[in-house]
Amino acid sequence: MEWQFFLEVLVGGLLAGVMYSLVALGFVLIYKASGVFNFAQGAMVLFAALSFVSIQAMGVPFWLALLLTLALMVLLGVGIERVVLRPLVNQPPITLFMATIGLSFFLEGLAQMVWGTDVHGLELGIADEPFDVGGVFISKFDLFAAAVGGTLVAALALFFSKTKLGRALRAVADDHQAAMSVGIPLKHIWAIVWGVAGFVALVAGLLWGSRLGVQFALTLVVLKALPVLILGGFTSVPGAIIGGLIIGAGEKLAEVYLGPFVGGGIENWFPYMLALLFLLVRPEGLFGEKHIERV
Amino acid sequence: MNKTAVAVSLALLTVAGVAQAADQFIPIPSYRVGAYASGGAKFYGGMIDYLNYVNMKEGGVGGVKLTYEECETEYKNDRGVECYERLKAKNGGASAFNFMSTGITYATMDRAEKDKIPLMTMGFGRADAQDGRAFKYVFPLITSYWSQATAKVQFLGQRVGGMQNLKGKKIVNLYHGSAYGKETIPVLDAMAKKYGFELQHVEVPAPGTEQQSQWLEIRRARPDFVLLRSWGVMTPAALKSAQKVGFPRENIVANWWGGSEEDAIAAGDAAKGYIAGSFALDGRQFPVIQNIEKTVYGAGKGNLSDKGFIGTVNYNRGVVSGILMVEAIRAAQKKYGAKTLNGDQIRWGMENLNIDAKRQQELGVTDMFPQVKTSCQNHEGSGYTRFMQWDGKDWKPVSGWIKADTGVTLPLIKASVDKYSQEKSMKLRDCAAEK
């Protein structure tokens, strides 16, 4: 049945989009708190997943390995703040962006140096098998990932809007100097947000690692997150999830229904085109903050 | 600090071996860091172990000690070219290069021709280069991409009880969206025409981390088999996606780039039953592997940081690469004498390889790879592929060595070589006159 197939492509795309959102969330967190596009997010995903499987390979039980990796990622976040970002406070955003490019290569090398270059399998105990809903196959793993993504987004949205720390993070993102002048401890804020981004990287790394294996190619999943960010806005946590859903569904439907007319293989560039079209209408993205400046 | 750590810290430097001008120099353009380091470290580890084994066991080849020097390419074309330039004239001159990269091979082909240094492209690279009349310095030894593609279809023929039973079957070619991925499309089209099966090509945009839509299309098409032409992360992503749409992994057949432990382990349980081609079998059962472990690792000179990887697919491929390199040097020494030889002389040796059953037994490699006999015109020397199935822990052979369908490949090679020679305004070698 054609409508069943359409539904299957749509649902599959939406669920794939949630996986993209998980990676996009890490970018949003850092950008919200520091106005920095963190080029190293992909490397952080790799570092987190590789650390987890390597610690587990030493015979450490799952939950303990998870806690140890989380601690490691928080330490890494604090370390990044100390060594890379603190000396660059009040520097132009492009300087901070360039620093994250350097950080990306450093983390990729560090991950391989510390944990080795071998590919690891990762089983989270949720089979990536389909179940049949009226002739439409839906992956159990995708549903699990969607639940994790949804929970994460809800928790982060609440954190940013309802907690004192969350509001402080937003203030820092608006203006470093103004935030510091009203007593917000910028250094601590950055360390916390990089730590939280490390946690998000760990979640994304585990889910993507379970799907692709834990290997260097995990750094490439950021390519899927970029159009999500463009579309959803760099500063919106719900935007990351809505953007992911639109991009995921859009690229799958395009590949299946438009692909055959142009030779196929359009899934890589179509999301970017879709995001650029959105930009024509809403330059700040669907949920990004509008910047109004007095001239 | 383990060897990986050393390799990473020296990523931007050339790792010097023990090279002296009077020895036979073999450049090692390895990739031990970056996206493909996992396979590269084992492949080049196996190759280096074999060179050291020959030195330790025989004192080199014909009394000429083998020396090597590593250069890290990171599997990147620009770095590969840099390594080529850095090593080509070192230590008396390079014997031959094996980049284990189609991209770097293409990037260095013209240079190698000019410098008269052979490129060993065992199992990969330009398929039509098996015609030595046009590609004097390129050697796609054992099996080219086109040979493998025809072997894959023949393997499916065996699975359905004969090639005649392929008529009416439906096969999907799921390929990497790159020049590498597209290379076998004409061969498979010719096979489909010859045997009457329905063939559908489905492209996966590189790198292939997400394949939901392609596999939904496959589920809708309901093919009998999927031929996978994958590379890197595309392989586990394909297997996981196949699992997700309920496509049996037993009906997926990949080429050798998708047939290592790294590919299968990354996919976890989804890889169980999956089949891939191979030109060099894995395992420690071969005397040559056992001898390397005893002699080289026994002396504490093994290249792998973890001995557990001895006998893995990529390690054994590396050993085979070392064997072919050394056998080419031996063949060349018979003509030019036991002394340091230049690239062109090694090219002659590579063009006159004869690793028959007797020689395989002497080398301790019986059934590890097919017999190889090259000539001026035939730079492949074999054309055989064998198929392995992942049982969840190991690769197990599920076929004998299957010879390429030369009725399909040779006309395509001829057409491609004719076009190439016209574009280059070159005259093909007269192999009869060179005898």
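Which elements of chain A are included in what covers the buried residues of H9(A)? In this predicted model, the cover includes H1, helix H2 (41-57), H10 and helix H11 (270-281) of chain A, and the legends below begin with the whole chain before turning to H9(A) and its surroundings.

**Figure 1. Overall view of chain A, a chain with eleven helices and two strands.** Read from the N terminus, the elements follow the order α-α-α-α-β-β-α-α-α-α-α-α-α. The radius of gyration of chain A is 19 Å, which agrees with the value near 19 Å that a compact globule of 295 residues would have. Along the principal axes, the C-alpha atoms occupy a box of roughly 65 × 60 × 35 Å, and 52% of the 295 residues count as buried. Among the contacts in chain A with a separation of 6 or more, 75% are accounted for by residues 24 or more positions apart.

**Figure 2. Close-up of helix H9 (222-232) of chain A and its cover.** H9(A) is largely enclosed by the rest of the structure, because nine of its eleven residues are buried. These buried residues are Val222(A), Lys224(A), Ala225(A), Pro227(A), Val228(A), Leu229(A), Ile230(A), Leu231(A) and Gly232(A), and the elements that cover them include H1, H2, H10 and H11 of chain A. After H9(A) comes Gly233(A), a residue with a positive phi, near 100°.

**Figure 3. Close-up of the packing of H1(A) against H10(A), two helices whose axes come within 6 Å.** The axes cross at roughly 140°, which makes H1(A) oblique to H10(A). The crossing in which H1(A) passes H10(A) is right-handed. Sorted by class, the residues in the contact of H1(A) with H10(A) are 17 nonpolar, seven polar and two charged.

**Figure 4. Close-up of the packing of H2(A) against H8(A), with the helix axes 7 Å apart.** The two helices pack at an angle of about 70°, and H2(A) and H8(A) are therefore roughly perpendicular to each other. H2(A) passes H8(A) in a crossing that is right-handed. On the side of H2(A), the contact is made by Gln41(A), Met44(A), Val45(A), Leu46(A), Ala48(A), Ala49(A) and Phe52(A), while H8(A) contributes Ala197(A), Gly198(A), Ala201(A), Leu202(A), Ala204(A), Gly205(A), Leu206(A), Trp208(A) and Gly209(A). By class, this contact of H2(A) with H8(A) has twelve nonpolar and four polar residues, and no charged ones.

**Figure 5. Close-up of Gly213(A), a residue in the loop between H8 and H9 of chain A.** Gly213(A) counts as buried, because it has 30 C-beta neighbours inside 10 Å, whereas a count of 20 or more is what burial requires. Once its neighbours within four places in sequence are left aside, Gly213(A) is in contact with Val119(A), His120(A), Gly121(A) and Leu122(A), as well as with Pro236(B), Ile265(B), Ala266(B) and Ala267(B). From C-alpha to C-alpha, Gly213(A) lies 15 Å from Ala201(A), a residue twelve places away in sequence.

**Figure 6. View of the side of chain A that touches chain B, where 36 residues of chain A are in contact with 37 residues of chain B.** At least two residues of this side are supplied by each of helix H1 (2-34), helix H4 (93-115), strand E2 (136-139), helix H8 (186-212) and H10 of chain A. The largest share, six residues, comes from H1(A). Divided by class, the residues of the side of chain A that touches chain B are 13 nonpolar, 13 polar and ten charged.

**Figure 7. Close-up of the crossing between helix H10 (residues 237-262) of chain A and helix H8 (residues 212-221) of chain B.** The axes of H10(A) and H8(B) come within 9 Å and cross at roughly 40°, and the helices are therefore oblique to each other. The crossing of H10(A) and H8(B) is right-handed. Lys252(A), Glu255(A) and Val256(A) of H10(A) make the contact with Gln212(B), Ser213(B), Leu216(B) and Glu217(B) of H8(B). The classes represented in the contact of H10(A) with H8(B) are two nonpolar, two polar and three charged residues.

Conventions: Residues numbered from 1 in each chain as written. Chains lettered and ligands numbered in written order. Predicted model: local features only at pLDDT ≥ 70, side-chain atom pairs only at ≥ 80, totals over all residues. Axes fitted to C-alpha atoms, helices over the stretch in contact; angles between N-to-C directions. Helix = DSSP H or I, 4+ residues; strand = E, 2+ residues; numbered from the N terminus. Parallel < 35°, antiparallel > 145°, perpendicular 65-115°, else oblique. Left-handed = near helix turned anticlockwise from the far one by under 90°. Contact = placed C-beta atoms within 7 Å. Nonpolar A, V, L, I, M, F, W, Y, C, P; charged D, E, K, R; others polar. Rg over C-alpha atoms; globule rule 2.2 N^0.38 Å. Buried ≥ 20, exposed ≤ 12 C-beta atoms within 10 Å, placed from the backbone.
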